[in-house]
Amino acid sequence: MAFDFKKEYKEFYMPPKKPGILTVPAMNYLAVRGTGDPNDENGEYKASIGLLYGIAFTLKMSYKGDHKIKGYFEYVVPPLEGFWWQDGVEGIDYARKQDFHFISLMRLPDFVTREEFDWAVSEAARKKKTDFSKVEFLTYDEGECVQCMHIGSYDDEPATIAAMHEYAEQQGYEMDFCSGRYHHEIYLSDPRKCDISRLKTVVRHPVKKVAGATKENRSLIDSRCGLHCTGCEYKKSCGCGGCIETMGHPFHGKCPVAACCQDKGITHCGQCPDIPCTLLTQYSCDPEHGDTLKGARIEQCRKWKELG
């Protein structure tokens, strides 16, 4: 029976519909980079899929030809995957699909070395009369992540992602989007053959442990700047999840204080050596929207720091 990565590595390809934390080891992939809306029929994303499958099946079917790959075993071609990001956005803005950067991926069996990859590119180009030079041999060490199985339309992923972020925070983690760490999707269903409501997609986000986080004190920290979002009147009236849950985009738009914390990799302003900085002081003492007791949120951040 052919080796099936989905069945043998269920922790990576068949997670439950509830979020979980895992460490993903280094793996080798076929990869094609590009930009643009993935729904564009003539776009770079659609073209990347054809290139990946061309090399993937050249390797898979190699045993039927004269070229023999050392250590080869019959296997099911692993599912299509994708890394996605947008300039100036932490995570994904689903309303700006035209701004996507992506890396389309397919996992490689360990017996496929760079030399065998080079052979496959040359062989596929010879047989199919197609330029496969955009396909790369990529080794990627993903590390600690939060992931979840998403069922349904890709456009409905934000609800799943919100649950993932909430779970990660409860476990003492925060998002770690940076150069080389991306929004990651693994496509287990073919949208051409499956009802959109039943599409299965593994969604994965990079995380890192928050220094000094404990279950008790994490539940007390509900903002970056020291406000208590939990009891805020706008939470219900405006459907605001707070600056942590919304990744720095509460009901009034992007918050520069939250963005500053996220850029520095800290949970709240109390962890910053510059407290109280000009920006936080400006927000705390604003005559219209500032604290009832001026400087209250600054003191709250200092108290949070003492909790660890």
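On a 1 Å grid over the protein atoms alone, a cavity is a set of points where a 1.4 Å probe fits but cannot get out, and lining residues have an atom within 4 Å of a point. A volume is the space filled by probe spheres set on the points, which are joined across faces, edges and corners.

This is a predicted model, with local features needing pLDDT of at least 70, side-chain atom pairs counting only at pLDDT 80 or more, and totals for chains, interfaces and linings using all residues. Residues are numbered from 1 along each chain as its sequence is written, and side-chain values use heavy atoms, leaving out hydrogens and water.

**Exercise 1.** Find the cavities of 30 Å³ or more and describe the lining of the largest.

Step one: searching the whole structure turns up one such cavity. Step two: its volume is about 50 Å³. Step three: go round the wall, where you'll meet Leu30, Tyr75 and Arg107, among others. Step four: sort the lining residues, and you get nine nonpolar, no polar and one charged (Asp, Glu, Lys and Arg count as charged; Ala, Val, Leu, Ile, Met, Phe, Trp, Tyr, Cys and Pro as nonpolar; the others, Gly among them, as polar).

**Exercise 2.** Work out how strand β2 (residues 80–85) sits in the structure.

Step one: five of its six residues are buried (under 20% relative accessible area, 1.4 Å probe, protein chains only), so β2 is largely enclosed by the rest of the structure. Step two: look at β3, which runs antiparallel to β2 and is joined to it by six bridges; there, tryptophan 84 has phenylalanine 102 as its bridge partner. Step three: turn to β6 (residues 183–187), also antiparallel to β2, with four bridges; glutamate 81 stands opposite isoleucine 186 in β6.

Technical notes. 1 Å grid on protein atoms, 1.4 Å probe; cavity = no way out; pocket = protein on both sides within 12 Å on 5 of 7 lines; lining within 4 Å. Buried < 20%, exposed > 50% of the residue type's maximum accessible area, 1.4 Å probe, protein only. Helix = DSSP H or I, 4+ residues; strand = E, 2+ residues; numbered from the N terminus. Pairing = 2+ DSSP bridges.
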